[in-house]
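Let us take a walk through this structure together, from the overall fold to a few chosen sites. Please keep the sequence and the 3D view open as you read.

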Amino acid sequence: MKPFAYLRPASVAEAVRAGAGHPGARFLGGGTNLVDLMKLGVESPGLLVDVSRLPLDRITRTDDGGLRIGATVRNSDLAAHPDVRGAYPALSQALLAGASGQLRNTATTGGNLLQRTRCPYFQDVSKPCNKRVPGSGCPAREGAHRYLAVLGHSQDCVATNPSDMAVALAALDATVQLHGPEGERTVPVTDFHRLPGDNPDQDTVIRPGELITEVVLPPPSDGAVSLYRKARDRASYAFALVSVAAVLSVRDGRVDRVSLAFGGVAHRPWRARVAEDLLRGAPPAEDAFARAVDGELEAARPLRDNAFKVDLARRMAVGALVELTSRAVPA
Ligand SMILES: Cc1cc2nc3c(=O)[nH]c(=O)nc-3n(C[C@H](O)[C@H](O)[C@H](O)COP(=O)(O)OP(=O)(O)OC[C@H]3O[C@@H](n4cnc5c(N)ncnc54)[C@H](O)[C@@H]3O)c2cc1C
Ligand code: SF4
């Protein structure tokens with residue numbers, strides 16, 4: 001490991017100043033991803049700005065009945081919070097489906113959103129990888145890509161975003177609050193992660209030196225129910241092959257509010273807008289769900305070894321919507 005400097009700032013302003021003032025700086029949350037990548041030689045920051053003790057560790061109600069989640073709130077605390085379990089079960093379920101108890105006790109909300117892909121070539125510095133070294137190539141396209149993208153990938157990168165939490169946040173219309181050298185801004189989670197295009201080295205729209213300070217959830221919609229489901233190679237401690245977060249409400253026998261997001265299929269949580277548009281106003285029935293999800297998945301471009309993900313995504317999404325329908329309180 002290369003030597004690096006370490007700073008524990010006392011305030012957000014000090015953290016942002018330090019991050020902006022040192023081109024090789026990285027913010028340190030729980031370190032469960034960043035430190036691993038440093039050990040692998042993928043990351044070699046000159047300065048670690050440890051933000052894990054900043055006073056951003058609270059979960060509070062917003063004036064309109066939503067929830068404000070500080071960036072250093074640990075994944076375990078967020079999953080267990082009564083307001084999250086009660087009003088946003090998809091988020092609690094997504095967090096509990098991720099990693100292990102020990103990791104969740106350490107991992108932070110900000111760090112989880114910015115964790116890097118688990119593409120094996122990205123994590124192996126002896127291999128080319130456009131995300132790690134722009135222009136070096138993408139061996140995953142012809143190599144090991146069973147876990148990788150079926151939607152929205154490019155010639156330059158077929159990686160997936162590994163976060164479970166981000167998929168639930170995308171379906172719940174959460175926003176990310178950023179604090180940077182040029183001030184504060186708010187970005188919807190659905191716009192926070194990028195598709196790879198021809199610059200896959202950029203995972204998100206975050207700018208140099210910007211710190212995530214909080215994530216904000218809007219108030220839950222009346223009568224809406226939500227869930228998160230994850231398919232993986234073993235029952236725990238494994239990343240998603242495919243996951244789905246869904247929110248549904250039914251009014252007058254028709255789908256009223258619906259949001260659907262997939263994980264494990266793209267470079268970012270995949271919000272299924274095509275399916276949602278087809279579903280709004282439709283009867284909440286399995287055949288209507290299947291038609292809408294098929295409409296979404298027409299955009300899928302599976303690789304040699306991951307076509308199974310398209311069928312899996314379809315089954316999981318339809319199953320999730322059927323299950324939510326049985327739980328939705330008719331309005
Ligand atoms: C064995 C293993 C299994 C796992 N399985 C899963 C899984 O199934 N599902 C899943 O979702 N995750 C899984 N994870 C990943 C885990 O959830 C992440 O490592 C964790 O959420 C990252 O959070 P952290 O606080 O430790 O981030 P860190 O490692 O501290 O940081 C990650 C990145 O975020 C940046 N960062 C941190 N905080 C901020 C901030 N406030 N503002 C701006 N930048 C910031 C860092 O600079 C770094 O680039 C697994 C990890 C391991 C090691
Ligand atoms: S899929 Fe992306 S992360 Fe994986 S090798 Fe290709 S460029 Fe690198």
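What follows starts with the chain as a whole and then turns to its ligands and two of its residues.

Please bear in mind that this is a predicted model. The chain folds into 12 helices and 12 strands. Its C-alpha trace spans about 60 × 50 × 35 Å along the principal axes. How does the radius of gyration fit with a compact globule? For 331 residues, such a globule would have a value near 20 Å, and the chain has 20 Å, so the two agree. Buried residues account for 53% of the 331 residues. Turning to contacts with a separation of 6 or more, 63% of them link residues 24 or more positions apart. On the outside, the chain has an accessible surface of about 14400 Å², and carbon and sulfur atoms contribute 51% of that surface.

Now move to ligand 1. There are 31 residues around ligand 1, and those that come nearest are F27, G31, T32, T108 and D164. Which elements of secondary structure each supply at least two residues of this shell? They are β2 (25-28), α2 (34-40), α7 (109-113) and β8 (211-217). Among the contributors, α7 has the largest share, with 3 residues. Sorted by class, the shell holds 14 nonpolar, 13 polar and 4 charged residues.

The backbone is worth a closer look here. A polar backbone atom of G31 lies 2.7 Å from an oxygen atom of ligand 1. For N33, a backbone N or O atom is 2.8 Å from an oxygen atom of the ligand, and for L34 the corresponding distance from a backbone N or O atom to a ligand oxygen is 2.7 Å. As for how much of the ligand is covered, the protein takes up 93% of the 980 Å² of accessible area that ligand 1 has on its own.

D164, one of the residues that come nearest to ligand 1, also leads us to K230. The side chains of D164 and K230 are joined by a polar contact of 2.8 Å. K230 sits in strand β9, which covers residues 225-231. Is this lysine buried or exposed? Its relative accessible area is 15%, so K230 counts as buried. A polar atom of the K230 side chain also lies 2.7 Å from the backbone oxygen of A97. Leaving aside residues up to four places away in sequence, K230 touches A97, G98, D164, A238, F239, A240, V242, S243 and M316.

Ligand 2 has its own surroundings. Of the 13 residues around ligand 2, the ones that come nearest are C119, C129, C138, C157 and V158. By class, this shell divides into 10 nonpolar, 1 polar and 2 charged residues.

Our last stop is F289, in helix α11 (residues 286-297). With a relative accessibility of 1%, F289 counts as buried. Which residues does F289 touch, not counting those up to four places away in sequence? They are V255, L279, P284, V318, L321, V322 and T325. For a sense of distance, try finding A266 as well: A266 and F289 are 23 residues apart along the chain, and their C-alpha atoms are separated by 21 Å.

Notes. Residues are numbered from 1 along each chain as its sequence is written. Chains are lettered from A and ligands numbered from 1 in the order in which they are written. This is a predicted model: local features need pLDDT of at least 70, side-chain atom pairs count only at pLDDT 80 or more; totals for chains, interfaces and linings use all residues. Side-chain values use heavy atoms; hydrogens and water are left out. A residue is near a molecule or strand if one of its heavy atoms lies within 4 Å of it. A polar contact is a pair of N or O atoms within 3.5 Å; within protein, one must be able to donate a hydrogen and the other to accept it, and residues adjacent in sequence count only if both atoms are side-chain atoms. Accessible areas come from the Shrake-Rupley method with a 1.4 Å probe; for residues, only the protein chains shown count as cover. Helices (H or I, at least four residues) and strands (E, at least two) are DSSP runs, numbered from the N terminus. Ala, Val, Leu, Ile, Met, Phe, Trp, Tyr, Cys and Pro count as nonpolar, Asp, Glu, Lys and Arg as charged, and the others, Gly among them, as polar. The radius of gyration is taken over C-alpha atoms; the globule rule is 2.2 Å times the number of residues to the power 0.38. Buried means under 20% relative accessible area, exposed over 50%, partly exposed in between (1.4 Å probe, protein chains only). Contact means heavy atoms within 4.5 Å.
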